[in-house]
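Let's take a walk through this protein together. Have the sequence and the 3D view ready, and we'll go piece by piece.

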Amino acid sequence: MHEAPLLSSHCADCGAALARALVREVRHYEETRLLEVTCGRCERRFLAIDTGDRRVDALQVEDVAAASVTLAAARSLADLFGAADFDVSDAA
Ligand SMILES: [Zn+2]
């Protein structure tokens, strides 16, 4: 379980590697698992889905994890998109 591609990602809150996160399987259906991930540093808790299919691009799993963390932590659009990459030129 700790080899899951999800864990090569990083906590969106504190940037800690999720390889050190606490991962608990909440439930599973066939190959798909719902995981509760707790960041090892800031203890932020979020849910991630592991499809169990290693042929699928690992980014899919990471996207789910990152999205759930980001949505939970987002306080503004700048938070959502990352202040450095946020280009407002199209917004007007
Ligand atoms: Zn964290």
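**Starting at the metal**

The zinc ion is held by four sulfur atoms, the SG atoms of Cys11, Cys14, Cys39 and Cys42, at 2.3 to 2.4 Å. Keep in mind as you look around that this is a predicted model. The angles among the four donor atoms run from 103 to 114°, and the site is tetrahedral. For comparison, the ideal angle for four tetrahedral donors is 109.5 degrees.

Now find those cysteines in the sequence: their spacing reads C-x2-C-x24-C-x2-C. Cys11 sits in the segment before strand 1 (22–29), while Cys42 sits in the loop between strand 2 (32–38) and strand 3 (45–50), so this pair ties together parts of the chain that are 31 residues apart in sequence.

How exposed are these cysteines? Cys11 is buried, at 3% relative accessible area, and Cys39 is buried too, at 1%. Cys42 has a relative accessibility of 33%, so it counts as partly exposed, the band that runs from 20% to 50%. And how many disulfides does the structure hold? Zero.

Let's step back to the overall layout. The protein has two helices and three strands, and along the sequence they come in the order β-β-β-α-α. It has 92 residues, of which 26% count as buried.

The three strands make an open sheet, lined up 1-2-3 with antiparallel pairing. Strand 1 and strand 3 are the edges, each pairing on one side only. From one strand to the next, the twist averages 25°.

Go through the sheet one pairing at a time. Strand 1 and strand 2 run antiparallel and are joined by seven bridges. Here His28 stands opposite Arg33 of strand 2, and Val23 has Val37 of strand 2 as its bridge partner. The two strands form a hairpin with two residues between them, where Glu30 takes a positive phi near 50°.

On to the other pairing: strand 2 and strand 3 are antiparallel as well, over six bridges. Val37 turns up again here, standing opposite Phe46 of strand 3, and Leu35 stands opposite Ala48 of strand 3. This is a hairpin too, with six residues between the strands.

Pause at Glu43, in the loop between strand 2 and strand 3. Its phi is near 65°, a positive value in a residue other than glycine. Is Glu43 buried or exposed? Glu43 has a relative accessible area of 61%, so it is exposed, since the cut-off is anything over 50%.

What about strand 2 itself? Five of its seven residues are buried, so strand 2 is largely enclosed by the rest of the structure. Strand 3, by contrast, is best read as two faces: Phe46, Ala48 and Asp50 are on the covered one, and Arg45, Leu47 and Ile49 are on the uncovered one.

That brings us to the interior. The largest nonpolar core has 11 residues: Cys11, Ala16, Leu18, Ala21, Val23, Leu35, Val37, Cys39, Phe46, Ala48 and Ala65. Strand 2 and strand 3 are the elements that give two or more residues to this core.

Several residues from earlier in the walk show up in that list. Cys11 and Cys39, both zinc donors, are core members. Val23 and Val37, the bridge partners between strand 1 and strand 2, belong to the core as well. The same goes for Leu35 and Ala48, which stand opposite each other across strand 2 and strand 3. Phe46 and Ala48 also lie on the covered face of strand 3.

Conventions
Residues are numbered from 1 along each chain as its sequence is written. This is a predicted model: local features need pLDDT of at least 70, side-chain atom pairs count only at pLDDT 80 or more; totals for chains, interfaces and linings use all residues. Side-chain values use heavy atoms; hydrogens and water are left out. Donors are N, O and S atoms within 2.8 Å of the metal (3.2 Å for Na, K and Ca); water is not among the atoms, so sites may look incomplete. Four donors count as tetrahedral if all angles lie between 85 and 135 degrees; four count as square planar and six as octahedral if opposite donors are over 155 degrees apart and all others between 65 and 115; anything else is irregular. Helices (H or I, at least four residues) and strands (E, at least two) are DSSP runs, numbered from the N terminus. Buried means under 20% relative accessible area, exposed over 50%, partly exposed in between (1.4 Å probe, protein chains only). Two strands pair if DSSP finds at least two bridges between them. Axes are lines fitted to C-alpha atoms, for helices over the stretch in contact, and angles run from 0 to 180 degrees between N-to-C directions. A nonpolar core is a set of buried Ala, Val, Leu, Ile, Met, Phe, Trp, Tyr and Cys residues joined through side-chain atoms within 4.5 Å. A disulfide is a pair of cysteine sulfur atoms within 2.5 Å.
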